[in-house]
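Biologist: I've got a model open on my screen and I'd like to walk through it with you. Shall we take it piece by piece?

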Amino acid sequence: MDEILNRLPFFVDQIQAIKETVISNIVLIGQMPGPTFGEDARADLFLERLSCAEVDECGKDQLKNAIGVIKGKAGKKNDPIFLTAHLDTIYSADDVDHNYIVRKNAITGPGILDNTVSVGILASLPTILRHLKLSFSSDIVLAGVTQSIGRGNLRGIRHLLNTWARPIRSGIIMEGQVLGHFNYYSEGIIRGEISCDILATGHFFTQKYKPNAILILNEVINELLNISLPQRPRCRIIIGRITGGHKHGDIAVQARLGFEIQSDSDEMVKDVYGKMEDIVEGIGQEHSVALKLETITVQNAAALKYGHPLVKCTVAVMKSLGLKPVSESSESELSVFLSRNIPAVVLGMTTGKNAHLANATMRINPMFTGIAQTIGLLLAIDKGLCDDK
């Protein structure tokens, strides 16, 4: 392991020598809109960049996941190592202008941190590895996955892993931020929405006696806050978004509430969701309104142990680059890998600000450290240092 760790600081300098390639790929891919369920054009561009970088194989699967393969050394039959980044962002072409602005040490544009920077790095990886004169015994699979965020519910990676014929050695999931953060466990999650639609009931209400959709959702919130949540297993309900109404002087006839239940116990998540169903049904009946509970995303709790060789190697790689490792639960493809007993971690690629806004900005210089840590971990996995023996 020491041999790998000692090389990593030099990798940072060597990668900077070809930064124009990486930045060009980030900007080209970022300026192609890729909303969830509409990633096709972005997937094509990602494959085009992989083809130009001369990967050994590339193509799409049935769910439009874009996949490139760097073949391992001839005669070796090690299981492949997966590097993934989700192609989709929260923005469509109709939402915002996708022109990116490149400055001396920053790139600004919608979706840059979630997750265009990672996709651009992934598309550049064959060129970077060739520049560093690195080869591997294992096949390296570079996957730009679709339908990940929001209502996509990680369908892309689920399909890819379900249909992959061979065993998979390990996975590295690349996220835009934050450099220094790495994830090796995922909490159980149900993300959903509660909608209140007064008009959908078919009842006639006068303006004076019309129920207010926002106030009804406020009653729902009060009931949710009354749910008793244990400290062990840990569990919480996050109310992250509420919208509704048309104008100041009219009673709101429609409103929506976005929530997420999080716990390290899948059973606890399901139990709380069941209580939420009862609350929604009861308040809907009480007020004679159309109150609907909808599930958007489900994620199972899964984790590696901190003592797993993959986790320990990740920490060693990060520390060798001067990073202070910080870990937290991940809402990402990680849970899909771990639920299939495939060791995997999530790595942050760089730093920045305004991650989920149209003016999201990434810093360029930290990215080279992010790339070096990814390559260092890739080398450690390939040499068998991360196998759970």
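Biologist: Where does Glu 54 lie?

Modeller: Keep in mind that this is a predicted model. Glu 54 isn't a glycine, yet it has a positive phi of about 65°. As for its place, helix H3 covers 40-52 and E1 is the strand on the other side, so Glu 54 lies in the loop between helix H3 and E1.

Biologist: How many helices and strands does the chain come to?

Modeller: Let's set the scene with the chain's extent: the C-alpha atoms fill a box of roughly 75 × 45 × 40 Å along the principal axes. Within the chain, the secondary structure comes to 10 helices and 17 strands.

Biologist: What radius of gyration does the chain have, and why does it agree with a compact globule?

Modeller: The yardstick depends on chain length, and here we have 389 residues. A compact globule of that length would come out near 21 Å, which means the chain's value agrees with it: 23 Å.

Biologist: Which strands are at the edges of the seven-stranded sheet?

Modeller: Read off the order first: E1-E2-E6-E3-E7-E15-E8, an open sheet with mixed pairing. An edge strand pairs on one side only, and that holds for strand E1 (57-60) and E8.

Biologist: Which residue in E7 stands opposite Ile 81?

Modeller: Strand E3 takes in residues 81-86, and it pairs with E7 in the parallel sense over four bridges. Across from Ile 81, in E7, you'll find Ser 170.

Biologist: Which helix packs on that sheet, and what angle does its direction make with that of E15?

Modeller: Look at residues 365-382, which form helix H10. This helix touches E3, strand E6 (140-145), E7 and E15. The helix is H10, and its direction makes an angle with that of E15 of about 155°.

Biologist: Why do E4 and E16 each have one side without a neighbour in the sheet?

Modeller: Here we're on an open sheet of four strands, antiparallel, in the order E4-E5-E17-E16. Strand E4 (101-102) and strand E16 (352-353) stand at its edges, so what leaves one side of each free is having a single partner strand.

Biologist: Which residue in E17 is opposite Lys 353?

Modeller: E16 and strand E17 (residues 361-363) run antiparallel, joined by two bridges. Lys 353 has its opposite number in E17, namely Thr 361.

Biologist: Which helix lies across E4, E5 and E17?

Modeller: Strand E5 is 106-108, and the helix in question runs at about 10° to E5. The helix spans residues 19-30, and its name is H2.

Biologist: Which residues are closest to the centre of the largest pocket?

Modeller: That pocket holds about 1,500 Å³ of space. Its lining divides into 14 nonpolar, 20 polar and 10 charged residues. Helix H4 (112-131) and strand E7 (170-177) are among the elements that each supply at least two lining residues. Of the 44 lining residues, the closest to the centre are Asp 114, Ile 149, Arg 191, Glu 331 and His 356.

Biologist: What is omega for the cis bond from Asp 114 to Asn 115?

Modeller: Asn 115 sits in helix H4. The peptide bond leading to Asn 115 from Asp 114 is cis, with omega near 15°.

Biologist: Where is Val 178, which a cis peptide bond joins to Gln 177?

Modeller: For that bond, omega is about 10°. Val 178 has its place in the loop between E7 and E8.

Definitions and conventions. Residues numbered from 1 in each chain as written. Predicted model: local features only at pLDDT ≥ 70, side-chain atom pairs only at ≥ 80, totals over all residues. Heavy atoms only, no water. 1 Å grid on protein atoms, 1.4 Å probe; cavity = no way out; pocket = protein on both sides within 12 Å on 5 of 7 lines; lining within 4 Å. Points joined across faces, edges and corners; volume = space filled by probe spheres on them. Nonpolar A, V, L, I, M, F, W, Y, C, P; charged D, E, K, R; others polar. Pairing = 2+ DSSP bridges. Contact = heavy atoms within 4.5 Å. Axes fitted to C-alpha atoms, helices over the stretch in contact; angles between N-to-C directions. Rg over C-alpha atoms; globule rule 2.2 N^0.38 Å.
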